[in-house]
Amino acid sequence: MVTWEPYAEAEGSQGWNSLLLQADDYTVFQSFEWGEYKRGTGWQPLRYVGYKHGGKVAGLAQVLVKLLPFGLGVVWAPGGPVLRFEGSSDPLGRDLSVLIDDLHKQFPRALVRFDSHMAHDATLTYAFNQSCRRPLFKLNSGYSIRMNLAALGDGFARQMTSKHRYYVKKGEGASLRWESGSSGRDIGALARIHGKMVTEKNIPSIATSETDIVNLRCALGEQGITILTGYLDEEPVTSCLTFDFGNKSIYMVAATEAKGREIGAAYAMVARLIALLQQKGIREFDFGGLDPARPSAEGVNHFKRGFGGKIVEYLGEWEAARTDLVRWGTNLAIWKRRGRV
């Protein structure tokens, strides 16, 4: 039996992250810094530690709370709960329901939603189904590609498709100059290219701003993000952003403008990024999501899959509410906001 207790906030980020990094399934979205970043966007972060008998940590859950119209609310745990601690069984079934009950006591009209980044398996699905249900309206696809950079070594090119190898070589032969870091110059270049791409492709739903990226850097720290930008004739034409936490990295934002697309700059950028992350000590790379159900995502899916790696289905999203009215009403509010909860 696992008991869940509020984290002693006085212990700060170091204490929380120290516990978090002991779990195999830790993610940046459960880090103390991510919670504080989301606090600045209107969410209230709350943190809980699950203890087994004897005081051993068996689970962590950082949840983000936001009130919605009509007195409803969302308690959202991106990347959580984190359960894969060495030498402990997963807090499942009744153990997970204890955490949900505690959250509902504080927020009786809230929808509790988890988004686990553990790989899907039947035992976990069965256990989560004992206290949760699949969401009426999903926020994420639940699929991604992961690469073991430690095992990959210098063999990245060998796992690509032949077409991807061709485009990588094309991009590498285009006299691109590369810069990496998290400075104001790096952020400004990424924001400009991303803004151009959003306009060219008419996809305002993915728009980001220079201020957003600056705020992320302030929250995650200079070592918590990597920005890689390719310059052609001293003009930035391709750029990407990863979140780096522990020895894991996740691909979060990327953009290539028209000139860059003509020369295959994005392909060369990914190859350069993998080498850069390996130098940084990153062991696991998450390509940041696939969406097999959305035809408009097929180009992105093809791009990511061609570099190799393993397709992973996350355990994904689960939700629990005290009443069907709260569940349906909150999902309707989420749908109206198009996932901007």
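**From an exposed loop residue to the sheet and its pocket**

S175 has a relative accessibility of 64%, and because the cut-off for exposed residues is over 50%, S175 counts as exposed. The model in which S175 is seen is a predicted one, and the description that follows should be read with that in mind. S175 belongs to the loop that runs between helix 7 (162-172) and strand 7, and its phi lies near 60°, a positive value in a residue other than glycine. A second residue of this kind is F70, a residue other than glycine whose phi is positive, near 65°. F70 is placed in the loop between strand 3 (57-67) and strand 4, and with a relative accessibility of 74% it, too, counts as exposed.

The strands named so far lead to the sheet. Twelve strands form an open sheet with mixed pairing, in the order 1-2-3-4-5-12-6-11-10-9-8-7. Strand 1 (3-6) and strand 7 (177-181) stand at the edges of this sheet, and because each of them has a single partner strand, one side of each is left without a neighbour in the sheet. On average, and with direction ignored, neighbouring strands of this sheet are turned by 25° against each other. As a general point, the strands of a sheet pair through backbone hydrogen bonds, and they do so in either the parallel or the antiparallel sense.

Which sense applies at the start of the order, where strand 1 pairs with strand 2? Strand 1 and strand 2 run antiparallel and are joined over four bridges, with P6 having Y48 of strand 2 as its bridge partner. The pairing of strand 2 with strand 3 is likewise antiparallel, over eight bridges, and in this pairing Y48 stands opposite A61 in strand 3. Y48 can therefore be followed as a point where strand 2 meets P6 through a bridge and also faces A61 in strand 3. Strand 2 and strand 3 form a hairpin with five residues between the strands, and in this hairpin G54 takes a positive phi near 105°.

Is strand 2 (residues 44-51) mostly covered or mostly open? Six of the eight residues of strand 2 are buried, so that the strand is mostly covered, where buried means a relative accessible area under 20%. G50 lies in strand 2, and at 0% relative accessibility G50 counts as buried. The C-alpha atoms of G50 and L83 are 8.9 Å apart in space, while the two residues are 33 residues apart in sequence. The peptide bond from G80 to P81 is cis, with omega near 0°, and P81 is found in the loop between strand 4 (73-78) and helix 3 (94-106).

Further along the sheet order, strand 10 (residues 248-256) and strand 11 (residues 284-286) pair in the parallel sense, over three bridges. Within this pairing, S249 has F285 of strand 11 as its bridge partner. Both strands return in the description of the second largest pocket, which holds about 300 Å³ of space. This pocket is lined by 19 residues, of which Y26, T27, R146, K248 and E284 are the closest to its centre. Strand 5 (110-119), strand 9 (235-245), strand 10 and strand 11 are the elements that give two or more residues to the lining. Sorted by class, the lining of the second largest pocket consists of nine nonpolar, three polar and seven charged residues.

Two helices complete the tour. In helix 12 (residues 298-305), the residues N301, F303 and K304 are buried. These three cover an arc of only 165° around the axis, and they are therefore on the same side of helix 12. The face of helix 12 that is turned away from this buried side carries the exposed residues G299 and R305. In helix 1 (residues 12-20) one finds S18, which is partly exposed, with a relative accessible area of 41%. S18 and G288 are 270 residues apart in sequence, and from C-alpha to C-alpha they are 24 Å apart in space.

How values were computed:
Residues numbered from 1 in each chain as written. Predicted model: local features only at pLDDT ≥ 70, side-chain atom pairs only at ≥ 80, totals over all residues. Heavy atoms only, no water. Pairing = 2+ DSSP bridges. Axes fitted to C-alpha atoms, helices over the stretch in contact; angles between N-to-C directions. 1 Å grid on protein atoms, 1.4 Å probe; cavity = no way out; pocket = protein on both sides within 12 Å on 5 of 7 lines; lining within 4 Å. Points joined across faces, edges and corners; volume = space filled by probe spheres on them. Nonpolar A, V, L, I, M, F, W, Y, C, P; charged D, E, K, R; others polar. Buried < 20%, exposed > 50% of the residue type's maximum accessible area, 1.4 Å probe, protein only. Arc of directions from axis to C-beta.
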